[in-house]
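Me: I would like a close look at one part of this protein, the place where the ligand sits. Please describe that part and then how it fits into the rest of the chain.

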Amino acid sequence: MWHNIMRDNIENILQKEEFDFKDIVALLQAEGKEQKLLFAKAQEVQLKHVGKKVFFRGLIEFSNVCSKNCYYCGIRKDNKKVDRYNLNDEEIIAAARFAHENKYASLVLQSGERSDQHFIERVDELLQKIKEITHNEIGITISLGEQSDETYRRWFRSGAHRYLLRIETTNEVLYKQIHPEDDEHDFENRLRCLNAIKEIGYQTGTGVMVGLPWQTYADLANDLLFMKKMDIDMCGMGPYVEHHDTPLFENKDILWPIKTRFSVTLNMIAVLRILMKDINIAAATALQAIDPMGREKALRVGANVIMPNITPSTHRKDYQLYQNKPCIDEGADDCGDCLSLRIEMAGREVGLGEWGDSKHFLNRKE
Ligand code: SF4
């Protein structure tokens, strides 16, 4: 009986034009038949508003040197067990060429966070160089953390046109629990950065971790409402996967079971697809760390972007923000081929040779 009442509720909620906070909390808890209804609705919205295509973003994790100390992250500055690396310019350019020649059409430059002058200038030069050697045929997303407005402007002028800066959680209390409390890890500054990125004209992406210690369904519902209010263009969110060489690991006993974190992440993707019909949503690699078919499942419930790792495989093992990261031993070729197959298995098409910009961004600029 209770079960039927729940199912009716979910059915009713899914018929509404707009979800309120309570609706979202209920949807995020959907399991079994209720979850299937949610996924079916998300799939319907996805096919209607962004279609079957899935776009590649060749991911280059060019350095794991980081000046920050987020409590959940395996490459935080104080983790002395990590072998630090910094790809040289030739290696980065070679990876960009690989993406271009294989029609990935877009790449993501990502590294640990640094804001020293040398780093800022180096990224600037790399952006210009990649644009030059690909005849401006490749779109560039950067994911390089909190920077000054001037730096964001400079990198935008040099060719980056999408920026991904995850808020990780919009609950300020929780944010302080998972970061050191100092000027370098300031919640307000993260918000300032997101606003600056958007104002400068980047396609703006953010995202959260799902299943952090102390996190609630209400927190996650607020995260989705934050994204809607911020009117973001792209989202990348994944389950929190603990790393044993981090301070947050000591709270592992209060975590949701890993399967719950996985399942709720899929619910987050599905609800976000219904809330923000035409944005780009990435199928996070962390999903595959939990379930070998994790990313395919995400593609079926709303995600439309996937990020093949094209970092030279010798360094992939050193860029582990979380444990059990998949594909760390494979060459870039294996990764692309394996992903194309996986995408087709998920009933989607690879949008090779297309930038695959966020339709939401294009629509809001009209
Ligand atoms: S999450 Fe990002 S900024 Fe924080 S420690 Fe890891 S790489 Fe550095």
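Reply: Cys66 is found in the loop that runs between strand E2 (58-63) and helix H4 (89-101). The model is a predicted one. Cys66 is buried because 21 other C-beta atoms lie within 10 Å, and the cut-off for buried is 20 or more. Leaving out residues up to four places away in sequence, Cys66 touches Ile75, Arg76, Lys77, Gly112 and Glu113.

Cys73 also belongs to the loop between E2 and H4. Cys73 counts as buried because it has 23 C-beta neighbours inside 10 Å. Beyond its neighbours within four places in sequence, Cys73 is in contact with Thr246 and Leu321.

Both cysteines appear in a UniProt record. In an unreviewed entry, the annotation "binding site" covers Cys66, Cys70 and Cys73. These cysteines are also among the residues around the ligand, which are Cys66, Lys68, Asn69, Cys70, Cys73, Ile75, Arg76, Gly112, Glu113, Gly145 and Leu321. By type, this shell divides into five nonpolar, three polar and three charged residues. Some of the shell residues also touch one another: Cys66 is in contact with Ile75, Arg76, Gly112 and Glu113, and Cys73 with Leu321.

UniProt, again in an unreviewed entry, lists Glu168 and Arg190 under "binding site" as well. The two are spread over 23 residues of sequence, yet they cluster in space, with a largest C-alpha distance of 10.0 Å.

Glu168 sits in the loop between strand E5 (160-164) and helix H7 (172-177). With 23 C-beta neighbours inside 10 Å, Glu168 is classed as buried. Its contacts, apart from neighbours within four places in sequence, are Tyr175, Ile178, Val208 and Met209. The backbone of Glu168 has a positive phi, near 70°, although the residue is not a glycine. Most residues other than glycine have a negative phi.

Arg190 is part of helix H8 (residues 187-200). Arg190 is buried too, since 20 other C-beta atoms lie within 10 Å. Not counting residues up to four places away in sequence, Arg190 touches Glu146 and Ile167.

A positive phi also occurs at Asn136, where the value is about 60° and the residue is again not a glycine. Asn136 lies in the loop between helix H5 (117-133) and strand E4 (139-143). Is Asn136 buried or exposed? Asn136 is exposed, because it has 10 other C-beta atoms within 10 Å, and a residue with 12 or fewer counts as exposed.

Next comes the helix that follows the loop of the cysteines. Helix H4 contains Ala96, and Ala96 is buried, with 24 other C-beta atoms within 10 Å. Apart from neighbours within four places in sequence, Ala96 is in contact with Leu107, Ile130, Thr134 and Ile138. Ala96 and Met234 are 138 residues apart in sequence, and their C-alpha atoms are 22 Å apart in space.

Strand E8 (residues 234-239) pairs with E9 in the parallel sense over four bridges. Within this pair, Met237 stands opposite Ala283 in E9. In strand E9 (residues 280-283), Asn280 and Ala282 point one way and Ile281 and Ala283 the other way. This fits a general rule: in a regular strand the side chains alternate between the two faces of the sheet. The four residues of E9 named here are all buried.

Now the wider setting. UniProt lists residues 52-282 as "domain: Radical SAM core", in an unreviewed entry. Over residues 52-282 the chain is 39% helix and 18% strand, and the C-alpha atoms at the two ends are 14 Å apart.

The whole protein has 15 helices and 11 strands. Its C-alpha atoms fill a box of roughly 65 × 45 × 40 Å, taken along the principal axes. The radius of gyration is 19 Å, which agrees with the value near 21 Å for a compact globule of 366 residues. Of the 366 residues, 47% are buried. Among contacts with a separation of 6 or more, 80% join residues 24 or more positions apart.

Definitions and conventions:
Residues are numbered from 1 along each chain as its sequence is written. A residue is near a molecule or strand if its C-beta atom, placed from the backbone, lies within 6 Å of it. Ala, Val, Leu, Ile, Met, Phe, Trp, Tyr, Cys and Pro count as nonpolar, Asp, Glu, Lys and Arg as charged, and the others, Gly among them, as polar. UniProt positions are given in the numbering used here, feature names are shortened, and annotations may be inferred rather than shown by experiment. Two residues are in contact if their C-beta atoms, placed from the backbone, lie within 7 Å. The radius of gyration is taken over C-alpha atoms; the globule rule is 2.2 Å times the number of residues to the power 0.38. Two strands pair if DSSP finds at least two bridges between them.
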